[in-house]
Amino acid sequence: MKKKTAGALSAPRKAPQQARATLTCSSILQAAAHILGEHGLAGFNTNKVAERAGVSIGSLYQYYPNKQALLAALSEAQHQQLLDQLSGQVRQHEATPDADLPSLVKRLVGVALAHQFDQAGLAATLDYAERDYASTPVLQALRQQLINLLMSALAPYAAQIPGNLQSSAIDLQSIVQALIDGAAARGEVNSLQLKMRVERAALGYLHYRDDAH
């Protein structure tokens, strides 16, 4: 018997094609986010999600054949939300006269912190669960889009940044995520002090020096 991969186990059964189906999937994911955020993985199962979403378990299984597929879809939605928010901040930065590298980093760090701490229980649980479905094609594509966005945002400051942009973007994302995840694991809250620490680490990695001080 051919062994199923993690990606196959977490793949949706089918994608919604009509408005009603899209609404059903949205309701299911909202219910899943609520239950996961409040009760964690221990209290998370498809029956509870279906009940809260107001759909039959059969309807849920039409789109998400198991708990792993539901978790993967929820993680994909969260990654897409983060990407959209970061893209919006990059566009605002690019439209701002005299914008510089520190102001870009502040925007990006602010979005990353809000994404982690606004729904802290959900974010932490998804981070933990993601190891079981981290190789899904959609998540891989979203991660690559994030790196591409960071490369594009850093490009105007390439002369100030040692090394190539791709490595810088990958490292920057890893550093910011590691610091925020570590702070969340220690029970810290989103604060100005935490934001300044993450910004300082990011700018330090990018070898930025404020010569005015």
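Start with the largest pocket, about 690 Å³ in volume (a pocket being an open set of 1 Å grid points with protein on both sides within 12 Å along at least five of seven lines). This is a predicted model, with local features needing pLDDT of at least 70, and residues are numbered from 1 along each chain. Side-chain values use heavy atoms, leaving out hydrogens and water.

Now select L82, H115, L146, Q173 and Q177: of the 28 lining residues (an atom within 4 Å of a point), these lie nearest the pocket's centre. Colour α5 (67-94), α6 (101-117), α7 (120-129), α8 (137-154) and α9 (165-185), which each give two or more residues to the lining; helices here are DSSP H or I runs of at least four residues. By class, the lining has 17 nonpolar, 7 polar and 4 charged residues.

Stay on α9 and add α10 (192-205): their axes, lines fitted to C-alpha atoms, come within 10 Å and cross at roughly 155°. The two are therefore roughly antiparallel (over 145 degrees).

Last stop: residues 45-64, which an unreviewed UniProt entry annotates as "DNA-binding region"; such annotations may be inferred. The span is 75% helix and 0% strand, and its end C-alpha atoms lie 12 Å apart.

Technical notes:
Predicted model: local features only at pLDDT ≥ 70, side-chain atom pairs only at ≥ 80, totals over all residues. 1 Å grid on protein atoms, 1.4 Å probe; cavity = no way out; pocket = protein on both sides within 12 Å on 5 of 7 lines; lining within 4 Å. Points joined across faces, edges and corners; volume = space filled by probe spheres on them. Nonpolar A, V, L, I, M, F, W, Y, C, P; charged D, E, K, R; others polar. Axes fitted to C-alpha atoms, helices over the stretch in contact; angles between N-to-C directions. Parallel < 35°, antiparallel > 145°, perpendicular 65-115°, else oblique.
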